[in-house]
Every structure is written in structure tokens, then in C-alpha cells.
Amino acid sequence: MLKILKYSFFDLMRSRWSYVYFAFYLLLGIVLLFLNNDLSKAVITLMNVIIVLVPLIGTIFGVMYYYNSKEFTELLLAQPLKRSSIFLGQYLGVALSLSISLILGLGIPFVFYGLFESSAIWDFSLLLITGTFLTLIFTALAFNIALSNENKIKGFGYAILLWLFLAIIYDGLFLMTLIMFEEYPLDKLSLVGTMLNPIDLSRTLILLKLDISALLGYTGAVFKQFFGTNFGLVISFVMLTIWVILPVLRIVFKSKKKDF
Amino acid sequence: MVSIEGLYKKFGKNHVLSGLDLNINNGGIFAVLGPNGSGKTTLIKSILGMVIPDKGVIHVLGENIKKNPEYRHKIDYLPQIANFPSNLKVKELIKMIKDLRQYTNEEDRLIELFKLTPFLDKKLGNLSGGTKQKVNIVLTFMFNSPLIILDEPTTGLDPISLIRLKDLIQTEKAKGKTILITSHIMSFVEEVSDEIVFLLEGKIYFKGSISELKTKTNQPDFEHAIASILTDNHA
Amino acid sequence: MKTRFTLFLVILMTSTTYASPLEVCKRCPVSTLEEAISQSKDFDTIVVKKGTYKEHAILVNKPLTIIGENYPVIDGELKGEIITITADNVTVDGLFIINVGTSYTEDFAAIRVKKSKHFLIQNLVLEKLFFGIYIEKSSYGKIFHNKVIGDAVEEYNSGNGIQLWYSNHIEIEHNYVEHVRDGIYLEFSDDCIIKNNVSALNIRYGLHFMFSNDDTYQDNTFENNGAGVAVMFSKKIKMYNNIFKENWGTASYGMLLKEINDAEIIGNTFEDNTIAINIEGSNRIIYKHNNFMNNGWAIKVKGACYTNTFVENNFLYNSFDIAYNSKINDNKFDRNYWSSYTGYDLDKDGVGDVPYRPVKLFSYIVNRTPETIILLRSMFIDIIDFSEKVSPVFTPDNLLDANPLTKQIKW
């Protein structure tokens, strides 16, 4: 698997797409710093952007890579290699190269701007960790979609739909549910609802950092325990990890059953 | 070498293989023939484990392939369409496959044989179909496995390369290897194969030597023999 | 330090010139403070030497200067009030007073000033107390550089650090108060100045005004209290250059304003509070040059608030800048800097060309269903906020800053 990871990774590293993403993040970082003139404000803006953008890029790029590297996959399938390692290797290759584009693309301008002397360094690290998690999750979901759909157009369609659902529609439904049942105690429901969507989960992590003052205004005991202690941080990371593991397991399972 | 019992496979509603039994002995060149969609590639991919059959048991070198995926190391496979990652160089591709499978130094001889030296530093995306196929052949023959499966090996090859391919196949046969070929080029099949397996509607319609086929169909040459099977069955 | 030294010199001089200092120590002829007071004449100085004196209900009924040397301990043994001052011109300096008795019927204090003028209470350390310094119907006094450390846990059985009741013209400066109910409490007390104090970790309020007018508090720090400062039913309070920090919790505010008129809130910093300022029924208040940073809500307006002006403040990274619970707005927002302003400034005059609407639709939703706070910063919420911004339905139409600044204000 590691060998395939290596080759997928190098394959991606020489494809122009990685550079496009790297350049995109680099530009985003520079523009934000330039516009805001303030590191911590740029970090906050970035957080808002990251939790929506990274999943989109992860899904699109994951699906695209899967369909575009069909030849590579076929070549590998012709070799005596385990299927799960072929797909896991490719998946990790994509996810890692995307993560590196993200980390370097955003990291470089911020470091040059004086990140290490700034108090925003923890927020920024959290941002990068969350971004990496989201990349891992959404690339895995993308691979799942691509593995289940031979039709490229359909695959892309589902990928966009998935992103749209998790990034926007889910929260709309979530909000409606909460308002509909507002007479009932909702703090557990709202936390569970958050756990079930990786984008919301990452958002919570960011809320814990940026909006703790507002969150502590709410009375619910479960809420308080969740946001007032490290409990929330730990649970969120555990859930994010589960969100990585489940789709990856499905990649393994699906790839074993599939005909080529 | 390969034994297949009661193999079934369908894609959607399309029954590609329906109860196929096949036994291939050690040594010799076997051609798998059949009209388009008769299940040649599916059969080969089933043997390679790339297609998971719905029903049936496949043994390769005495091992049930479902239980032990290690058998794949004893097969050299030439895929039908030579699709390679387009931004890799030929040299890198060869190096990569060696890295992924095992060490070999056979490739130098094969590169020389197919005159690929000038292309080594070119990206695969810039190569012609024929050159890609030559690279494909190098990748397949540089390992020394007892079973070789060639899916349409002649695609895009120029006459000289075709001759070299035939020589190569004969050399491998002389080493006592089993070679499984599918091809549409009847003259090529007639020239190289010892035995043919004719697939029709997901089953073995005929298995035997070319002369046996000629006798059976009562045709003077191989091509007509095949044609007569097809017209008889589609009349 | 310097003031303390000169003060000490003055005291030393006065004591040597006009009266012989009366010494109190364990082995001296006078071994208790109470005895010393009864033996002393008006304007005498009593010096209490280092040691522990188990005394309570000490009555200072003549103008005296009581100075502790090296912080002698006056231990009330939880029996009740410790020092009560009923005469004018009393100075108490440098004592360590502990173990004030707790009662549900009487407000025992470590030191109480009753109907007196021109007192000076300084350099005291108060611990294990019920009420700390209690000024009652007194005026023209000074409370300077004291340290009040309580151990309050519940509101109903704890007292306030420094309390003023019907007292005017009092200066409270450089004190440190923690772990009591209200750090500093003013009731019916006018024209007082509260300056350079630190009030932290108190159960209820860092500073609390009730029915008190024309007071000024400035350069204080209020940190981690139930609520930083509560100003209620008072007029013309001036609030300058204070720091309100980390007042976190359900009913936690940096500042709580209730029925306040004609106040000035200028130059303050509100940082990391659940609600920086909570306003109810307050009119004609000027908010200027304040910094609101990283608060849950910078300003939450409840109930009728009219003719308030918010000018040249910085609103930086608050979860919500302004929250309203009504559709009517009679307050003016002008020339503030809003970090979440996304407009442009084509003519480069430092003022954004599009007005800023500081009230988000989402703040109404959160007000109605508090659990929805978990959707903060969701893209969906951004979308509905945006649509509200384009065509306001729920938020007051005229609630906007027509001249949002594009750069943070420095003053």
C-alpha cells in the first residue's frame, strides 16, 4: 500500500491540479492577509471559508482523480497487488497531496506574516488540523461515490449533491427541526445533529475556539459540559476520526466486491 | 494449470458467462476466441481475480483463487487496452512496476528487442498506440511467471514488432510456460496457438486444436471455420 | 509606595509633634486595641505592633489614627463585627483583619464607618469576611489600597467587599477585591469616584450601582465576575476606561444597564464576555470609543431603550455585534468600526460606501430557540442572514450604521 501511496502521491505532485490547489490556497492566504492586515482576523475569515471550501475541493478532486486515474488503476489491477491496498494507496495519495497543498498553501503566507510570534498560532493550527480532517473525510466520501458509480457524470453529480447537502441543506433542515421542537429540551438533539455531519462537527471545533463566549450563554447542562470543558474538543476529534474511518472501511469493502 | 468449474457471471441483466467449464493443461499456447461480447475478457479477468464471479470455482496452479490471492504473483498479464498514467515516463513506469512486483533485469533485453530505447525518457501520454503496446509487452514479459495471459497482444503493432512478439511467445512456450491469448487476428492465432477455446454465449462451444476445428466445421481454412461457427449459430 | 511613605512621614510627624503615639503589643502595658482606644484622647495615634489580637466589636468613637506595624492580625473569631467607626477624621491603616462573623439578620463587616466624615481607610487586608468595608451614611472619605479576599460560594450567605450606603463624596481607589458577593456596591450614594480598582472572581457583580447618581468609575478592571458591572436605577454615571473581561455564563454580562439615564460610557474595553453590555430601559446614553472584542454579544438591547448613541466604537470579532428583541429602533449608530463589515470604500475616505446592518436575523432565531446557537457560522445561516440584510423583514429597518469605518479606530 505504501508503494502505491508513494506513486499516487508523486503522480499527483506532478499533475498540474495539485499546483492549482496549492496556488489557490496560497492566493487565498495572501489575499486574506492583504485585505485584513490582521493575522487573527484573517484566521477567522479563513475558518469560515475552510469548512465549506475544503469539503468541496476534497469531493471534487477525489472524484476527479478516481475517474482520471482509471488507467493507473487498471495498470495496478493487472499487477499482483491487493485491491484494498491499491485503492487505499490512491486514496491516501490524493488526501495527503491535498492536505499538503492546504497546509503549505496557507501556511507559507501566514508564516511569512509572522504567525509564530502571533497568538493566533493555536487557532491557525486548529484550522489546519480541521482542514486536514475534512480533506480526509471528503476524499474518502468521494472515492465511495466514484467506486459506486461507473458513470463519470453521475459520480460528479452525486459528489456535488453530497457537498451541497452537508454544507447547506443539512443545516437548513437542522434549524427547522430545532425550531419545530423548541418546546422540548434540545441540547442533546442539537449536539447529536452536529455529530452526524462532518462539516458541522468541524464548525463546532471552530466555535469552541472563536465563540466560546456566546456558547456559554446557553443554559443546557449537556451544552455546558460539552463546550465548557475539554470534553467537546475530545468528542469532536473522536467523531471526526470515526468520520474518516467509516468511509475508508467502505472503500476497502467496496473495492473487494467490485469487478473491473 | 487452470481449471474452471461452473462459472457464472452477469453484469446487470446481461449473462456473460453461464456455466463455463474449462481445463487448461500445463505448457502450450491456448487461444480464447469468440465473437464480441462472448465473455473472453470476462473469463480472463475472472482468472485474474479482477472480476468476481457470481458462481463457480477457479483453480490456478492447484489453488482455489478465492482463498489464496498469492497466485497472482505467478501470472504475467497483458491488459487489452494499454492505458498508462499519462504523465509518467516510460523509464519510470518500468521502474515502478519492478518496484511493485519484484526485481528483474529482463527489461533491458526486451527494450532492446522492441527498440524502445529512444522512448525511455518520453511521457507515456505522448506515445503512439503501438509504442504503448510495446511498453505493455515489455512490462508483461520482463517477469518470469509460469502462466502468461495476453489480451489482444497484437493491437497496434507494426509487422516487425509482431514477428518479435511471436518469437517471444515461442521462447516462453519453449520454457514450458502456459500462455493464454485472446485475439481477433485469426492468422496470428492460427500461427501461434496449439489449442483453441471457442466461447459462445458464455459457454465453451469448442475446445481443441485448429485441425480438429477444421474437421468439425468441414472448412478448409481456419478463418472460414470460425466464420461458419458464427453463421451457423446466428442463422 | 511614595504616597504611602509620605503619609507615613506625615503621621510620624503629627504623632511626634502633637501627641505621643500609644503603642499596642502583647507585652506592652496596653495589650489590646480596645484598651488603647479607651485610653486615648482625640487626635491621638495608636500604633499596633505585629501580633495577633483576638478582638471584635472595637468601637472607634473619637478621631484617631490607628496604624498597624507589619500587619498585625485582628482576629474577630467569627463573633461579629470587628471595627466600627462612629467619629469623624478617623484613619485606619495597615491592619490584617480576619474572621468576621456571619449572620442572616445583621450585616457584620470587618470595618464599618457610620455617620462620619473625612475618614481614611487604607492598606488593610481583609480575609474570611462577611462584609468587608461598610460605609454607612458617611461622606468625604477615602478607601485606598485595600485588599479584600473573601471566600463566598453562594449569593444568599455572603456579603459585599466594599459597600456604600447613603454615602456621598467617597473615593475608592487602588483596591483589590475578590471572591465576595459584589466587589463594590453603591446604594443611594452620589458623587463618588471609583478608580483603579481590580474586582475579580466575585459571585454576583464586580461593581454594583443602585439608586446612585453622578458617580464616576474609571480605569478599573472587572474580570471573571458573575457580571462585571451592574448599573441600575441610577442617573449620570460616568464610566471611563475600564476593562471588562471574561465574564462568562448564562446570565453573565460585562456590564448590565437597567433603568439608566444620561450615562457616558467612554473608552472601555470589553473582552471575552458572554454579553458585553446588556441594556434594558436605558435612555440617552453615549457610547464612544469603546472596544468590544471577542464577546458572544457585544450589545444586547432588551426592552425600551431610546436615544442612545453609539459612536466610534470598535466591534471586533464578536459572535453577534448587536441583538435586538424588538422591531423599533430609536438609537443611533454612527462611524463605528465593525470587523464583520464587508462593504467597500471606493472614494478611500475611510468610510464604507454601503451602510452596515449590525443586527443579524440569526440573533432573533437564537433568541427564540437558544439551542440553534450551535449553527453559528453555518453557511446556511450566512445565507439567511444575507437575505435579511438585502431586504430586512425581522430586523428594524433603520437600524444601521450609515458611515461604517473601514479601519479600526485608535484614540
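What share of the contacts in chain A with a separation of 6 or more comes from residues 24 or more positions apart? I opened the notebook with that one, and got 83%. I keep in mind throughout that this is a predicted model.

**Chain A, overall**

I ran through the secondary structure of chain A next and listed twelve helices and zero strands. Reading from the N terminus, I wrote down α-α-α-α-α-α-α-α-α-α-α-α. Then I checked the dimensions: along the principal axes, the C-alpha atoms of chain A fill a box of roughly 60 × 45 × 30 Å. I compared the radius of gyration with the rule for a compact globule: 260 residues would give a value near 18 Å, and the 20 Å of chain A agrees with that. For burial, I noted that 47% of the 260 residues of chain A count as buried.

**α6 against α7 in chain A**

I wanted one helix pair in detail and picked α6(A), residues 121–148, with α7(A). The two pack at an angle of about 145 degrees, and I have their axes 9 Å apart. The crossing of α6(A) past α7(A) is right-handed. Which residues meet there? From α6(A) I listed A:L141, A:A142, A:I145 and A:A146; facing them in α7(A) are A:G155, A:Y158, A:A159 and A:L162. Sorted by class, that contact has seven nonpolar residues, one polar and no charged.

**Who touches whom**

Two pairs of chains are in contact, and I found that A and C share the most contacts. Chains B and C have no contact joining them; their closest C-alpha atoms lie 38 Å apart.

I took A with C to start. I counted 29 residues of chain A in contact with 29 residues of chain C. On the chain A side, α3 (39–68), α7 (152–180), α8 (187–195), α9 (198–210) and α10 (212–215) each supply at least two residues. The largest share, eight residues, comes from α7(A). So α7(A) turns up again: it packs with α6(A), and it also gives the largest share of the side that touches chain C. By class I wrote 15 nonpolar, eight polar and six charged residues for this side of chain A.Then A with B. This contact takes 20 residues from chain A and 18 from chain B. On the side of chain A that touches chain B, α1 and α4 each supply at least two residues, and α4(A) gives the most, with seven. I sorted this side into eight nonpolar, three polar and nine charged residues.

**α4 of chain A**

Since α4(A) had come up, I looked at its burial. Which residues of α4(A), residues 70–78, are buried? I listed A:F72, A:T73, A:L75, A:L76 and A:A78. What covers them includes α1 (2–14) and α5 (83–112) of chain A, and also β6 of chain B.

**Chain B sheet**

That led me to β6(B) and its sheet. I traced an open sheet of six strands with mixed pairing, in the order β6-β7-β8-β3-β9-β10. The edge strands are β6(B), residues 75–78, and β10(B), residues 203–208, each pairing on one side only. From one strand to the next, I have the twist averaging 15 degrees.

Helix α1(B), residues 40–48, packs on this sheet; I found it touching β3, β6, β7 (147–151), β8 (178–182) and β9 of chain B. Its direction makes about 150 degrees with that of β7(B).

I also checked one strand pair inside the sheet. Do β3(B), residues 28–33, and β9(B), residues 195–200, run parallel or antiparallel? They run parallel, joined by four bridges. I marked B:L33 as standing opposite B:F198 in β9(B).

**Chain B hairpin**

Next I looked at β1(B), residues 2–11, and β2(B), residues 14–24. I have them pairing in the antiparallel sense over eight bridges. The bridge partner of B:S3 is B:N23 in β2(B). The hairpin has two residues between the strands, and I noted B:G12 with a positive phi near 65 degrees.

**One residue in chain C**

Last entry: C:K389, which I located in helix α4(C), residues 379–390. Is C:K389 buried, exposed or partly exposed? I put it down as partly exposed, because it has 17 C-beta neighbours inside 10 Å, and buried would take 20 or more. I also paired C:K389 with C:P358: they are 31 residues apart in sequence, and their C-alpha atoms are 9.4 Å apart in space.

How values were computed:
Residues are numbered from 1 along each chain as its sequence is written. Chains are lettered from A and ligands numbered from 1 in the order in which they are written. This is a predicted model: local features need pLDDT of at least 70, side-chain atom pairs count only at pLDDT 80 or more; totals for chains, interfaces and linings use all residues. Two residues are in contact if their C-beta atoms, placed from the backbone, lie within 7 Å. Ala, Val, Leu, Ile, Met, Phe, Trp, Tyr, Cys and Pro count as nonpolar, Asp, Glu, Lys and Arg as charged, and the others, Gly among them, as polar. The radius of gyration is taken over C-alpha atoms; the globule rule is 2.2 Å times the number of residues to the power 0.38. A residue is buried if 20 or more other C-beta atoms lie within 10 Å of its own, exposed if 12 or fewer, and partly exposed in between; C-beta atoms are placed from the backbone. Two strands pair if DSSP finds at least two bridges between them. Axes are lines fitted to C-alpha atoms, for helices over the stretch in contact, and angles run from 0 to 180 degrees between N-to-C directions. A crossing is left-handed if the near helix is turned anticlockwise from the far one by less than a right angle, and right-handed if clockwise.
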